[in-house]
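Grab a pencil and have a go at two short exercises. Try each task yourself before you read its solution.

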Amino acid sequence: MLTPDQHQALARELHQAEQTRVQVEHFSKRFPAMEMADSYAIQRAWVQIKLSEGRRILGHKIGLTSRAMQISSQITEPDYGALTDDMLFPEGADIPLQRFILPRVEVELAFILGKALRGPGVSIFDVLAATDYVVPAIEIIDARIEQLDHVTKAPRKVLDTIADNAANAGIVLGGRPVKPDAVDLRWCGALLYKNGVIEESGLTAAVLNHPANGVAWLANKLAPHGEGLAAGEVVLAGSFTRPVAAAAGDTFHADYGPLGAIAFRFM
């Protein structure tokens, strides 16, 4: 385990990396004794820095929800991070690429909570009852920590990704909001277009067999920290496509069928 002072110092490194767009070296390489609890402590310390500068919590994101991603990351459960208000971009916007280092795009569903959820013991049925509506969402992920070590070329570990606020950096909401019982949320699909070409497609059942399962998992995971999910929060339930790299000038269009579409461009 690392010390609280080390957590704070590494959080400040991440904050500077985001502001300067200069990545930092793998924490897991520099601190071999680092544990997952350290990663979340660093993440929380970084979020507190943002809050102290006037940001507010918009909600949470859940990542690594597919079995394939968990196996590749050598973990047995998802991870999570915090969404802040400055991460929200309007649908149809020109999104400034200079906000990011290595942006990539993922297709998700977002749960907008009408009631608070606090574990332990939160079930999928509690999530559905607490959800005001579900809406298509795009998550923009980024890497403030090097994806590949610049010396060894080794990939970063999940410990690094979690510390890096689970890689989240932006969110776009759009399409048609629906009540959680209006559609079968396991069978929602999407096509992700980049510059007019379909790059990815997916089905929401890939997210823990039902995207609401991820929200229940998160509420229960936060409980030991005395935290929960508040009414009005946006919860990204987890991607059901692989991430697609973005560059200046790229246009993205995600077609969710009956749930509508999201479009935006990186400038």
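Here are the exercises, each with a worked solution.

This is a predicted model, where local features need pLDDT of at least 70, side-chain atom pairs count only at pLDDT 80 or more, and totals for chains, interfaces and linings use all residues. Residues are numbered from 1 along each chain as its sequence is written, and side-chain values use heavy atoms, with hydrogens and water left out.

**Exercise 1.** Work out what helix α1 should span at 1.5 Å a residue, and compare that with its end C-alpha atoms.

*Solution.* Start with the residues: α1 covers 4-20, which makes 17 residues. Helices are DSSP runs (H or I, at least four residues), strands likewise (E, at least two), numbered from the N terminus. The expected span is 1.5 Å times one less than the number of residues, so look for 24 Å; the end C-alpha atoms are 24 Å apart, which agrees.

**Exercise 2.** Classify the ring pair of Phe89 and Phe100.

*Solution.* First, recall the cut-offs: rings of Phe, Tyr and Trp (its six-membered ring) pair if their centres lie within 6.5 Å; planes under 30 degrees apart are stacked, over 60 edge-to-face, the rest tilted. Next, the search of the whole structure turns up seven aromatic pairs. In this one, the centres are 6.1 Å apart and the planes sit at 55°, so the pair is tilted. Finally, place the rings: Phe89 is in strand β3 and Phe100 in the loop between β4 and β5, so the pair ties together parts eleven residues apart in sequence.
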